[in-house]
Amino acid sequence: MTMTDASTLPIADASRLPTVLQIVPALAGGGIARAAVDTAAALVAAGARAVIASPPGPMLGELRRLKVAHIALPPDRDSLLQALGNVRRLRRSITDHDVGIVHSRSRATAWTARRLARSSNLVFVASAHWPDRGERWSARRMEAAQAQADAVVAVSDFVAQSVTASRHVGAGRVVTIPSGINLDRFNPATVRAERLIKLAAQWRLPDDRRIILFPARLDDDRGQTRLIDAIKHLGRRDIYCLLLGAQATPTAFEGDLKRYIEARDLGGIVGIAAFCDDMPAAYMLSDVVVVGGQGQGFSRALVEAQAMSRPVVCDADNGAVEGIVPGETGWAAPAGAPAALAQALDHALRLTADERASLSHRAQRHVRTLFSVDTMCRRTLALYAELMGRGA
């Protein structure tokens, strides 16, 4: 999409925008919710109005502090029946809040957003976080609704190409806007030693090992088994690989992983821990951060780790690789190739102190240039302004 460069749109211009309603599947602190809340905060700071519709969640208090209106929806079930019910719940709010733009933040909310926007003659924006992969009939319907937006915001060129090809969306309606991170929070200078000591003790990290961190939910295989195979292939006993993402109630996949680790005689080399709130400290405790999973649209974790000066390794054939500069801020390995992943890990672990310092500088500069919250918000608000200006 041809749109105004973010640097040429002062945030103050957003005061001329109508109210923006963002529909979010959950307010539980994930990347989708984080992007929606950051965008709402930018709108309010610029003098515009923002509304978020979602099931209640832990981030609701943050919305109140930001003076962002919230409309409560039932827990997300990813079904057309619930989507239809949400349309009825939100119709009155469209008028009450004088909404002019409806922004669907996920595939699950796209059908609701399209129905609302079309019935009230509003601008419809849809965010796409994954390549098209509708396995079920309902998923295909929601992806089709997403593709009918006035503008589809893809989190990577990988996702943009998938949406354009599989849904035949004209290139003029697709724009790539990667997720942005809070550079004040993800800043090595702000992480005090006490935080590191507390987290290392909580996870019982060995003091004499190089730490490999893999942050991802343990609900299904997001590349964890391939990493375990790569660790086995690496053959080093001076490392400790932490799979970070266990839930309060262990999933079936977590049990499978534990058996997989034991079967490969890696019980003292690979461990599992629950996600923590202090991810900046988690990255700081690591020597290399790995992100995996086939078909991934983008990876906030990859960007966050680089902001914290950590070498990173990811798959080469998905959207995550767009977050690094291969060979300069991290390494990319072909998906499904444990030996290649082991080689990339070996490169990262063999960096000298001077090489790590140089990589750290490049990685932080890379993230600050392309992946800040401010950049994401300026580009998103520029898109809103352009759509309103051309009467989409």
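Okay, let's start with one residue pair: Leu243 has Ile272, in strand E10, as its bridge partner. Before going on, keep in mind that this is a predicted model. Now, where does that pair sit? Strand E9, residues 239-246, and E10 pair in the parallel sense, and there are five bridges between them.

Zoom out a bit and you get the sheet. It's an open one with six strands, ordered E10-E9-E8-E11-E12-E13, and the pairing is parallel. The edges are strand E10, at 270-274, and strand E13, at 330-333, each of which pairs on one side only. If you ignore direction, neighbouring strands here are turned by 25 degrees against each other on average.

Okay, on to the other sheet. This one is open too, with seven strands in the order E3-E2-E1-E4-E5-E6-E7, and again the pairing is parallel. Which strands are at the edges? Those are strand E3, 69-72, and E7, and each pairs on one side only. The average turn between neighbouring strands in this sheet is 20 degrees, direction ignored.

At the E3 end, strand E2, residues 50-54, runs parallel to E3 and is joined to it by four bridges. If you want a pair to click on, Ile52 stands opposite His70 in E3.

Now the helices on that sheet. Helix H1, residues 31-45, lies across strand E1 (19-23) and E2, and it runs at about 160 degrees to E2. Then there's helix H6, residues 157-166, which packs on the sheet and touches strand E5 (123-128), strand E6 (151-154) and E7. The direction of H6 makes about 170 degrees with that of E7.

Next, helix against helix. Take helix H8, residues 224-234, and helix H12, residues 338-349: they pack at an angle of about 65 degrees, with axes 8 Å apart. So H8 and H12 come out as roughly perpendicular to each other. The crossing of H8 past H12 is right-handed. Who makes the contact? From H8 it's Arg226, Leu227, Asp229, Ala230, Ile231, His233 and Leu234, and from H12 it's Pro338, Ala339, Leu341, Ala342, Leu345, Asp346 and Leu349. Sorted by type, the residues of that contact are 10 nonpolar, one polar and three charged.

The other helix pair I picked is helix H11, residues 300-307, with helix H13, residues 353-370. Their axes come within 7 Å and cross at roughly 125 degrees. That angle makes H11 oblique to H13. H11 passes H13 in a left-handed crossing. On the H11 side you have Val303, Gln306 and Ala307, and they meet Ala363, Gln364, His366 and Val367 in H13. This contact divides into four nonpolar residues, three polar and no charged.

Last stop, aromatics. How many aromatic pairs does the structure hold? Two. I'll show you Phe186 with Tyr283: the ring centres are 6.3 Å apart and the planes are at 50 degrees, so this pair counts as tilted. The pair links distant parts of the chain, with the two residues 97 residues apart. Phe186 is in the loop between strand E7 (174-176) and helix H7 (193-203), while Tyr283 is in helix H10, residues 279-284.

That's my tour. To recap, we have an open sheet of six strands, an open sheet of seven, and that tilted pair of Phe186 and Tyr283. Happy to pull any of it up on the screen.

Note on methods: Residues numbered from 1 in each chain as written. Predicted model: local features only at pLDDT ≥ 70, side-chain atom pairs only at ≥ 80, totals over all residues. Heavy atoms only, no water. Axes fitted to C-alpha atoms, helices over the stretch in contact; angles between N-to-C directions. Parallel < 35°, antiparallel > 145°, perpendicular 65-115°, else oblique. Left-handed = near helix turned anticlockwise from the far one by under 90°. Contact = heavy atoms within 4.5 Å. Nonpolar A, V, L, I, M, F, W, Y, C, P; charged D, E, K, R; others polar. Pairing = 2+ DSSP bridges. Phe/Tyr/Trp six-rings, centres within 6.5 Å; stacked < 30°, edge-to-face > 60°.
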